[in-house]
Amino acid sequence: VYVTRPDVAQIGFDLLRAECDVTNWSKPVPVPREELLKNIVGKDGLYCALTDKIDAEILDKAGPQLKVVATISVGFEHIDIAECKKRGIRVGYTPDVLTDATAELTMALLLSTNRRLFEASKEVYNGGWKAWAPSWMCGQGLKGSTVGMFGFGRIGQEVAKRIVPFKPARLLYTSRSEKPAEAEEIGAKFVAFDTLLAESDFVIICSALTPETKLKFDADAFSKMKKNAIFINTARGGIVDQTALYEALKEGKIHSAGLDVTTPEPLPLDDPLLTLPNIVLLPHIGSADINTRKEMSRITACNILQALKG
């Protein structure tokens, strides 16, 4: 088994080493492609991350004995699923385990954005904090607002449950299909995408990146949103047209944004988004909870072992 990271939780290594011959990339950064191509040769299993592109070239180089590709992530768009299926290679991922951690981070990012926490904190350090003023650093509260969820799967539902105690007036959602039982439990209402855009004070992306959702939030979508709208994305950067988001924020078409995911990752230091005062940017830490990452490592190792045992 080849592991593309040396810094995953030790439990994953321990489980694999108890039953397999394990080698791994030695540095705590994404494995260079040439290293992956060199080290995948002859392996039965691959333990990878979302930073590793697993395509036909990698699978060809591995050889016909490769039985499983397991990723320490809930997303698997970096893996060519069709190629794996064609070759009979099993694919493992880590759903469910990071749901709560991502929902918590989504709430933290939402509150940091709408209550301007990062912006206010900077004022403490740069001398901008003077005497009290009635309108200084005022943000938009959740109470009495309309919150729109784009995507209403496991993470979306957990985010919605955490929003309810803040007393929003309405919870709206749009997804591939209605989920009446789950929505009734939370008090959410299914609406069309354009309705969600037009009526929401907060728009939160909790959807997977699919061909249908890729660049779904483009210039047209932002033009339909309220001027006071706060836009949150902790799902995948590819769902958003970042140039359109930049223009919407710069021109005041929407109020502000909070992103934990971007395209590319990491975001280049000369990216225009970094010049805006009305955006909070985080380095994709949605699942960065210590216990969650340990469990993700364990599940990834177990996925490999189960596949190897047939």
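Which residues have the most contacts inside the largest nonpolar core? They are Phe-217, Phe-222, Phe-231, Leu-245, Ile-254 and Leu-273, within a core of 29 residues. The model described here is a predicted one.

## Nonpolar cores

Several elements give two or more residues to this largest core: helix H9 (193-199), strand S9 (202-205), helix H10 (219-223), helix H11 (242-250) and strand S11 (256-259). Helix H11 supplies the largest share, with five residues.

Phe-222 illustrates the packing. Beyond its neighbours within four places in sequence, Phe-222 is in contact with Phe-217, Phe-231, Val-240, Asp-241, Ala-244, Leu-245, Ala-248 and Ile-254. A second core, separate from the one above, consists of 24 residues, among them Met-107, Leu-142, Phe-152 and Ile-232.

## Overall fold and dimensions

The secondary structure of the chain consists of 12 helices and 12 strands. Its C-alpha trace spans about 65 × 50 × 35 Å along the principal axes. The radius of gyration is 21 Å, which agrees with the value near 19 Å for a compact globule of 310 residues.

Contacts between residues at least 6 apart in sequence were also examined; 61% of them join residues at least 24 apart.

## Burial and surface

Of the 310 residues, 47% count as buried. The chain exposes about 15400 Å², and carbon and sulfur atoms supply 55% of this area. As to charge, the chain has 38 positive and 39 negative charges, and the mean positions of the two sets are 1 Å apart.

## Helix H7 and its cover

Helix H7 comprises residues 154-163, and its buried residues are Gly-156, Gln-157, Glu-158, Val-159, Ala-160 and Ile-163. The cover over these buried residues includes helix H5 (99-114), strand S6 (146-150), strand S7 (170-174), helix H8 (180-186) and strand S9. Strand S9 is also one of the elements that give two or more residues to the largest nonpolar core.

## Asp-194 in helix H9

Asp-194 is found in helix H9, an element that also contributes to the largest nonpolar core. Is Asp-194 buried or exposed? Its relative accessible area is 40%; buried requires a value under 20% and exposed a value over 50%, so a residue in between counts as partly exposed. Asp-194 is therefore partly exposed.

Asp-194 and Asn-233 lie 39 residues apart along the chain, and their C-alpha atoms are separated by 18 Å.

Methods
Residues numbered from 1 in each chain as written. Predicted model: local features only at pLDDT ≥ 70, side-chain atom pairs only at ≥ 80, totals over all residues. Heavy atoms only, no water. Helix = DSSP H or I, 4+ residues; strand = E, 2+ residues; numbered from the N terminus. Rg over C-alpha atoms; globule rule 2.2 N^0.38 Å. Buried < 20%, exposed > 50% of the residue type's maximum accessible area, 1.4 Å probe, protein only. Contact = heavy atoms within 4.5 Å. Areas by Shrake-Rupley, 256 points an atom, 1.4 Å probe, with all protein chains shown as cover. Lys, Arg positive; Asp, Glu negative; His and termini not counted. Charge placed at Lys NZ, Arg CZ, Asp CG, Glu CD. Core = buried A, V, L, I, M, F, W, Y, C linked by side-chain atoms within 4.5 Å.
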